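Biologist: Please choose one part of this model and take me through it closely, at a pace that suits a first-year student. I would like to see how its pieces fit together before we turn to what lies around it.

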Amino acid sequence: MKFATKAIHAGQEPDPSTGAIMTPIFQTSTFVQASPGKHQGYAYARGKNPTRNALEKCIASLENAKHALCFSSGMGAIDAVIKLLNPGDEVITGNDLYGGSYRMFTKVFERMQIKFHFIDLNDAQNIKNYINKNTKLIWVETPTNPTMQIVDIAACAKIAHENNLLLGVDNTFASPYLQNPLDMGAHIVMHSVTKYIGGHSDVIMGALCINDDKIHEQLAFIHNSCGATPGPMDSFLVLRGIKT
């Protein structure tokens with residue numbers, strides 16, 4: 001499918017109970033179970049909700065990803081990524097980050113003994129000067145918010161793969177229409193869905209897109225356990241926003 005077709009149709013099937021062509025807003029917290037653990041794929045809406053599931057499939061398709069997870073904000077999505085790490089781990093990231101990301105890294109996660117190197121990423125080779133045995137993640141934002149600096153994703157991916165590091169890319173400003181970091185070797189793509197994907201300034205949401213099954217499993221566990229999940233009404237609005 002081409003991009004426009006994905007935006008209109010990906011992840012969305014007519015509702016089997018009514019034939020509704022548009023994904024219904026499943027405004028429910030719980031789902032009936034025939035017996036404990038025996039259900040139709042949905043048990044409690046923090047874990048999974050059909051409206052959100054349709055949105056996640058659509059966003060995954062736009063990013064050429066196998067999996068997507070939607071969060072209640074972009075910061076909730078980034079928070080989940082950093083929670084893959086342990087005290088003592090180190091992150092290499094840019095010196096021109098979105099202010100919310102910088103605040104989270106320095107005011108929240110540095111207190112938990114995760115170290116961040118804020119470096120000039122205009123030359124990706126600069127990353128090599130900061131890699132050590134504790135390095136676990138390279139976090140790239142491109143174009144940066146708000147100064148629009150550009151980082152070479154493919155070059156960062158090459159360094160990440162050579163050193164067995166995760167590469168996460170904040171793709172908010174380019175959007176999936178202009179850039180697909182997974183195709184260039186990234187492991188995780190983050191979006192503030194609030195911006196171009198939602199498109200109407202009426203929803204706060206974030207998303208992560210992943211191809212690797214193990215990374216997805218780890219993030220999905222954090223997603224459900226920590227609870228930064230969006231509601232079905234917001235998911236419906238973003239599905240509509242993607243179409244427009």
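Modeller: Let us begin with a term that we shall need throughout: two strands are said to pair if DSSP, the program that assigns them, finds at least two bridges between them. Please keep in mind that what you see is a predicted model. The part I have chosen is the sheet, an open one of 7 strands in the order β1-β7-β6-β5-β4-β2-β3, and its pairing is mixed. Its edge strands are β1, residues 67-71, and β3, residues 115-119, each of which pairs on one side only. On average, neighbouring strands of this sheet are turned by 20° against each other, if direction is ignored. In general, the strands of a sheet pair through backbone hydrogen bonds, and they do so either parallel or antiparallel.

We can follow the pairing from one edge. Strand β1 runs antiparallel to β7, and 5 bridges join the two; within this pair, Cys70 stands opposite Ala207 in β7. Further along, β5 (residues 166-170) and β6 (residues 188-192) run parallel and are joined by 3 bridges, with Asp170 standing opposite Met190 in β6. At the other edge, β2 and β3 are also parallel, joined by 5 bridges, and here Gly94 has Ile119 in β3 as its bridge partner.

Being an edge strand does not leave β1 open, for 5 of its 5 residues are buried. His67, Leu69 and Phe71 point one way from the strand, while Ala68 and Cys70 point the other way, and all of them are buried. Strand β2 (residues 90-94) is likewise covered: 5 of its 5 residues are buried, so β2 is largely enclosed by the rest of the structure.

Phe71, in strand β1, deserves a closer look. Its relative accessible area is 1%, and since buried means under 20%, Phe71 is therefore counted as buried. Leaving aside residues up to four places away in sequence, Phe71 touches a set of residues that includes Gly76, Ala77 and Ala80, then Gly206, Ala207 and Leu208, and also His223 and Pro230. Its C-alpha atom is separated by 9.0 Å from that of Val193, although the two residues are 122 places apart along the chain.

Helices lie against this framework. Helix α2, residues 50-62, packs on the sheet and touches β1 and β7 (206-210), and its direction makes about 125° with that of β1. In helix α4, residues 99-109, the buried residues are Gly100, Ser101, Met104, Phe105, Thr106 and Phe109; what covers them includes α3 (74-82) together with the strands β2, β3 and β4 (135-141).

Now consider the spaces beside the sheet. A search of the whole structure finds 1 cavity of 30 Å³ or more, and the largest cavity has a volume of about 70 Å³. Gly94 and Ile119, the bridge partners of β2 and β3, both belong to its lining, as do Asn95, Asp96, Leu121, Glu141 and Thr144, among others. By class, this lining divides into 4 nonpolar, 4 polar and 2 charged residues. The second largest pocket holds about 360 Å³ of space. Among its 14 lining residues, those nearest its centre are Lys136, Asn164, Leu166, Ile215 and Gln218. The elements that give two or more residues to this lining are α5 (153-162) and α7 (213-226), and the largest share, 3 residues, comes from α7.

Finally, look at the loops that leave the strands, keeping in mind that most peptide bonds are trans and most residues other than glycine have a negative phi. The loop between β4 and α5 holds Pro143, and the peptide bond from Thr142 to Pro143 is cis, with omega near -10°. Pro146 lies in the loop between β4 and α5 as well, and a cis peptide bond with omega of about 15° joins Asn145 to Pro146. Met148 is found there too; although not a glycine, Met148 has a positive phi of about 65°, and with a relative accessible area of 43% this residue is partly exposed. In the loop between β6 and β7 we find Ser201, which has a positive phi of about 55° without being a glycine, and which is exposed, with a relative accessible area of 73%.

Key: Residues numbered from 1 in each chain as written. Predicted model: local features only at pLDDT ≥ 70, side-chain atom pairs only at ≥ 80, totals over all residues. Heavy atoms only, no water. 1 Å grid on protein atoms, 1.4 Å probe; cavity = no way out; pocket = protein on both sides within 12 Å on 5 of 7 lines; lining within 4 Å. Points joined across faces, edges and corners; volume = space filled by probe spheres on them. Helix = DSSP H or I, 4+ residues; strand = E, 2+ residues; numbered from the N terminus. Axes fitted to C-alpha atoms, helices over the stretch in contact; angles between N-to-C directions. Contact = heavy atoms within 4.5 Å. Buried < 20%, exposed > 50% of the residue type's maximum accessible area, 1.4 Å probe, protein only. Nonpolar A, V, L, I, M, F, W, Y, C, P; charged D, E, K, R; others polar.
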